[in-house]
Amino acid sequence: MKHKKHRKTRSLSVIFILSALFIVAVLLLNSSGKPKPVTAEKSAAIPEADVSSPDEAASWLMPQAENCLLTDEERSQLQSTAMSAAEVIKELYAECEITDGTSFSSNITDFSREQREKAVELLGGAGYTAVTDGMNMVNYKSVFDFYSDYVCGQESQTTVFKVNDDGLLSSLTFVYRNERLQTFCIGIGWLAGGEPIIKSVQVSDISEMRMTDKGYLIYAYQNEVMYSSLRQYLHISPLSDKCRGLTEKYISGISYINYSLLTSEWDSVSIADVLNVTMFDDLYRKYYGEDYVCENDRIPSDIFENVMLSFFPLTAEQLRESCGYDAADSAYPHELPPSKPYQPFGEVIDYTENSDGTITLTVDCVWADYDTDRAFTNIITVRPNADGTFTYLSNKILEGEIDIPK
């Protein structure tokens with residue numbers, strides 16, 4: 001019994017010592033000039049939130065650089081600038097429902113594309129460089145100027161505000177100094193009523209960076225980011241409204257990886273050879289604008305055939321031969337491909353409106369993980385239909401910067 005009591009006392013002593021060491025470490029971090037998250041009320045006295053805990057800073061997802069290239073004063077100024085930018089768009093968040101969650105997410109239950117685009121518009125009008133997915137970057141010249149300085153070996157920095165899909169506002173500052181590249185990223189979330197709060201600050205070393213001929217800034221972090229792609233990118237050069245609209249209508253949502261529709265050549269004669277039931281969910285989403293809800297791993301034939309036959313020049317007999325039709329229950333198997341995040345995507349860069357009413361699209365495969373915005377090029381012909389739907393007629397492939405995946 002005495003032995004157990006002694007062991008318990010010793011364990012408590014160890015716990016006490018470790019706790020004391022942790023408190024000292026936190027105090028040292030807070031006094032080291034490391035930037036802290038802040039919430040905006042008055043620019044003269046910005047309230048601070050704790051960033052010292054690994055959970056809040058999410059440092060386990062993205063390790064911090066050992067030495068920040070920016071001074072304490074510069075970091076403080078960037079945080080103030082970020083909060084000023086957030087004030088410009090706070091009205092868009094006033095009615096948003098906020099839930100509890102992580103520091104690297106906005107925790108907004110729903111933030112629409114229209115809200116994201118309006119936020120970029122407001123930021124651009126206030127003079128900030130800003131972007132969101134599916135929209136051209138505003139005030140983008142500063143990024144080209146920064147890259148030009150970097151290539152010439154001249155110290156420089158620039159800040160881009162990105163409105164993420166979930167509503168989180170990221171202030172991403174690129175810094176080139178002492179022959180080193182870094183990003184200083186501030187994540188701005190939102191409190192009830194639309195009050196902004198700086199939730200996280202990350203300083204990360206960049207190992208490589210290049211600007212493509214088409215205006216994609218592609219870069220890689222020195223330390224791998226967990227649950228992220230190998231490389232990051234920003235689309236700097238604007239895409240024409242027409243090409244963006246054609247991309248949205250005909251190409252967005254179609255996978256380069258899960259099936260061979262875009263990685264094989266085919267026409268109206270050979271299309272049956274590339275059909276696969278795994279493409280159904282993407283096409284259903286494109287047709288109806290919502291996800292397909294499956295029951296019993298079977299797709300009723302009327303639903304499957306209505307979607308597939310609207311997109312391809314096929315007969316029901318061809319479809320049934322190619323996609324595992326089961327006559328016993330008049331259904332097709334429902335198969336989902338393995339989840340593969342951070343896939344390449346297609347982007348219409350040119351088009352031809354043909355005399356027969358069809359449209360021929362020139363589509364580049366953007367694959368940032370392979371450091372390219374033209375992995376290869378698809379020449380896709382589509383036929384718009386009177387009811388607003390369309391039919392894919394053929395696909396040809398031109399060689400690009402990498403081998404076509406099989």
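These are short questions and answers on how labels are assigned in this predicted model.

User: What is the overall make-up of the chain, in helices and strands?

Analyst: The chain has nine helices and 13 strands. Of its 406 residues, 45% are buried. The exposed area is about 21100 Å², with carbon and sulfur atoms supplying 51% of it.

User: What makes Arg113 and Glu117 a salt bridge?

Analyst: Their closest N and O atoms are 3.0 Å apart. The cut-off is within 4 Å, so the pair qualifies.

User: Where do Arg113 and Glu117 lie?

Analyst: Both are in helix H4 (residues 113-125). They sit four residues apart, about one turn of the helix.

User: Why is Arg113 called partly exposed?

Analyst: Its relative accessibility is 31%. Buried needs under 20% and exposed needs over 50%, so Arg113 falls in between.

User: Why does Glu117 count as partly exposed?

Analyst: Glu117 has 26% relative accessibility. That value is not under 20% and not over 50%, so the label is partly exposed.

User: How do you know that Glu353 and Lys242 form a salt bridge?

Analyst: The N to O distance between their side chains is 3.8 Å. The limit is 4 Å, so this pair passes.

User: Which parts of the chain does that pair link?

Analyst: Distant ones. Glu353 is in strand S10 (residues 345-353), Lys242 is in helix H6 (residues 241-251), and the two are 111 residues apart.

User: Why is Glu353 called exposed?

Analyst: Glu353 reaches 54% relative accessibility. Exposed means over 50%, so the label holds.

User: Why is Lys242 labelled partly exposed?

Analyst: Its relative accessible area is 39%. Partly exposed lies between the 20% and 50% cut-offs, so Lys242 fits.

User: What makes Asp291 and Arg285 a salt bridge?

Analyst: Their side chains meet at 2.6 Å, N to O. The rule asks for within 4 Å, so the pair counts. Arg285 has 36% relative accessibility and is therefore partly exposed.

User: Which residues do salt bridges that share partners join into one network?

Analyst: Lys214, Glu347, Asp364 and Arg374.

User: How many salt bridges does the rule give?

Analyst: The count comes to 23.

User: What share of contacts between residues at least 6 apart in sequence join residues at least 24 apart?

Analyst: The share is 55%.

Key. Residues are numbered from 1 along each chain as its sequence is written. This is a predicted model: local features need pLDDT of at least 70, side-chain atom pairs count only at pLDDT 80 or more; totals for chains, interfaces and linings use all residues. Side-chain values use heavy atoms; hydrogens and water are left out. Buried means under 20% relative accessible area, exposed over 50%, partly exposed in between (1.4 Å probe, protein chains only). Contact means heavy atoms within 4.5 Å. Accessible areas come from the Shrake-Rupley method with a 1.4 Å probe; for residues, only the protein chains shown count as cover.
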